[in-house]
Amino acid sequence: SDGVLQVMGTSMNRRSLLQAKGACPVSFENQNYTTITSKCKSPWPADLCCPALNEFACNFSQYINDESTNCADSMFIYLNAHGNYPAGLFSNECAVLDCNGSNSTIGTNQTANGSGARGAKDISEMYSLVTTLIVSGLAVLLFY
């Protein structure tokens, strides 16, 4: 009765929790990734992979850093497909582009959803901790 739940007109601004990003104006599907894939090979050392990423990605930095588009996500998807890299490798090791001496953060959520090199190490350490706790707990129960 007090109007709190009433819609005030048809042009009410609404905000979605999962706002879709716009399409990227660059087609990363057909880019030449050999500048990265020829230099960044297993075991994927950061001192080789990050400069290779810079060499490739700096050509597209204005698009990759535009968080209103899916350019960064798209680039990483195709890069990982072409190089068969572990998910999150570049976002964990090379989160900052160094283009002409000006650093900029790569705008992607890959760090959150990729496992990557550091992520795999963290998972391994967590697994070791859990295993140790379980074995210790069983030993305590056995001798109790």
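**Cross-links in the predicted fold: disulfides and salt bridges**

Cys71 is buried, with a relative accessible area of 0% (buried means under 20% relative accessible area, exposed over 50% and partly exposed in between, with a 1.4 Å probe and protein chains only). The structure is a predicted model, in which local features need pLDDT of at least 70 and side-chain atom pairs count only at pLDDT 80 or more, while totals for chains, interfaces and linings use all residues. Residues are numbered from 1 along each chain as its sequence is written, and side-chain values use heavy atoms, with hydrogens and water left out.

The partner of Cys71 is Cys24, and the two are joined by a disulfide with an S to S distance of 2.0 Å (a disulfide being a pair of cysteine sulfur atoms within 2.5 Å). The link of Cys24 and Cys71 is right-handed, with 105° about the S-S bond. Cys24 sits in the segment before α1 (34-37) and Cys71 in helix α4 (residues 71-83), so this disulfide ties together parts that are 47 residues apart in sequence. Helices (H or I, at least four residues) and strands (E, at least two) are DSSP runs, numbered from the N terminus. Like its partner, Cys24 is buried, here with a relative accessible area of 17%.

The structure holds 4 disulfides, and with bonded cysteines counted along the chain, the pattern reads 1-6, 2-3, 4-7, 5-8. One of them joins Cys50 and Cys94, whose sulfur atoms are 2.0 Å apart. The geometry here is left-handed, with -85° about the S-S bond of Cys50 and Cys94. This pair also connects distant parts of the chain: Cys50 belongs to helix α2 (residues 46-57), Cys94 to the loop between α5 (89-93) and β1 (96-99), and 44 residues separate them. Cys50 and Cys94 are both buried.

Another disulfide is formed by Cys58 and Cys99, with the sulfur atoms 1.9 Å apart. The link of Cys58 and Cys99 is left-handed as well, at -90° about the S-S bond. Cys58 lies in the loop between α2 and α3 (61-64) and Cys99 in strand β1, so the bond ties together parts that are 41 residues apart in sequence. The two ends of this link fall into separate accessibility classes: Cys58 is partly exposed, with a relative accessible area of 22%, whereas Cys99 counts as buried at 9%.

Attention now turns to the charged side chains. A search of the whole structure finds 2 salt bridges (a side-chain nitrogen of Lys or Arg within 4 Å of a carboxyl oxygen of Asp or Glu). In one of them, the side chains of Lys21 and Asp73 meet at 3.9 Å, N to O. Lys21 is placed in the segment before α1 and Asp73 in helix α4, so the contact ties together parts that are 52 residues apart in sequence. Lys21 is partly exposed, with a relative accessible area of 39%, while Asp73 counts as buried at 18% relative accessibility.

A salt bridge also pairs Glu55 with Lys39, the closest N and O atoms being 2.6 Å apart. Distant parts of the chain are linked here too, with Glu55 in helix α2 and Lys39 in the loop between α1 and α2, 16 residues apart. Glu55 counts as partly exposed at 39% relative accessibility, and Lys39 is likewise partly exposed at 39%.
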